[in-house]
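Happy to walk through this one with you. Let's take some labels in turn and ask what earns each of them.

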Amino acid sequence: MSLKYWKGAHTKHRLLYHLVFVPKYRHRILHGTVAVRLKTLFYEACKVNWWWIEEVKVLPDHVHMLIQIHPVETVADVVKALKGGSSRVIRQEFPELEEFLWGDSFWTDGYFAESVGAQSFAAVKAYIRENQDSMPPLQKRNRGL
């Protein structure tokens, strides 16, 4: 389904976004069964909302996603649905994470979003898929988004 245009009643569109969000305090807790469950939750949310995840990578301290959405939805609402729904379920199913996450949220308040055009689509997809595993250790790279 990559790079396909979607049609609406009076529209034809392809709205792709590269999203990045991190767990609270950038703790390295997104691994093992937590990472697998997060991916499942993201795909379920997309199925329900008629979005399309082109690529997703759950790393120990952040998530990269290349997602296509509809023009009636804002990026903020999409991120809110993805982060809010996954936060609630992860906190219920993995209570042992509570020692790392004080308060009532799993994710940080912020996120990174970038629109992706046809020219940068392949580059962003390859970046999410391949280049993340070769990143230097956390202490040697920028701790920002």
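Q: What makes Arg-129 and Glu-55 a salt bridge in this predicted model?
A: Their side chains meet with N and O 2.8 Å apart, and the cut-off is 4 Å, so the pair qualifies.

Q: Why can the pair of Arg-129 and Glu-55 be said to tie together separate parts of the sequence?
A: Arg-129 belongs to helix 3 and Glu-55 to strand 4, so the two partners come from parts 74 residues apart in sequence.

Q: How do you know whether Arg-129 and Glu-55 are buried or exposed?
A: Arg-129 has a relative accessible area of 43%, which falls between 20% and 50%, so Arg-129 is partly exposed. Glu-55 comes to 11%, under 20%, and therefore counts as buried.

Q: What makes Lys-125 and Glu-54 a salt bridge?
A: The N to O distance is 2.7 Å, within 4 Å, so the label applies. Lys-125 sits in helix 3 and Glu-54 in strand 4, 71 residues apart.

Q: Why is Lys-125 called buried despite a relative accessible area of 18%?
A: The limit is 20%, and 18% is under it, so Lys-125 counts as buried. Its partner Glu-54, at 14%, is buried because that value is also under 20%.

Q: How do you know that the buried residues of helix 3 line one face?
A: The buried residues are Phe-121, Val-124, Lys-125 and Ile-128. Seen down the helix axis, they fall within an arc of 100 degrees, so they line one face. On the other side, Gln-119 and Ala-122 are exposed. The cover over the buried residues includes strand 3, strand 4, strand 5 and strand 6.

Q: How do you know that the length of helix 3 agrees with its residue count?
A: Twelve residues at 1.5 Å a residue should span 16 Å, and the end C-alpha atoms are 17 Å apart, which agrees.

Q: Why is the pair of Phe-21 and Trp-107 called edge-to-face?
A: The ring centres are 5.1 Å apart, within 6.5 Å, so the rings pair. Their planes stand at 90 degrees, over 60, so the pair is edge-to-face. Phe-21 lies in strand 3 and Trp-107 in the loop between helix 2 and strand 6, 86 residues apart.

Q: What makes Phe-21 and Trp-107 buried?
A: Their relative accessible areas are 0% for Phe-21 and 4% for Trp-107. Both values are under 20%, so both residues are buried.

Key. Residues numbered from 1 in each chain as written. Predicted model: local features only at pLDDT ≥ 70, side-chain atom pairs only at ≥ 80, totals over all residues. Heavy atoms only, no water. Phe/Tyr/Trp six-rings, centres within 6.5 Å; stacked < 30°, edge-to-face > 60°. Helix = DSSP H or I, 4+ residues; strand = E, 2+ residues; numbered from the N terminus. Buried < 20%, exposed > 50% of the residue type's maximum accessible area, 1.4 Å probe, protein only. Expected span 1.5 Å × (residues − 1). Arc of directions from axis to C-beta. Contact = heavy atoms within 4.5 Å.
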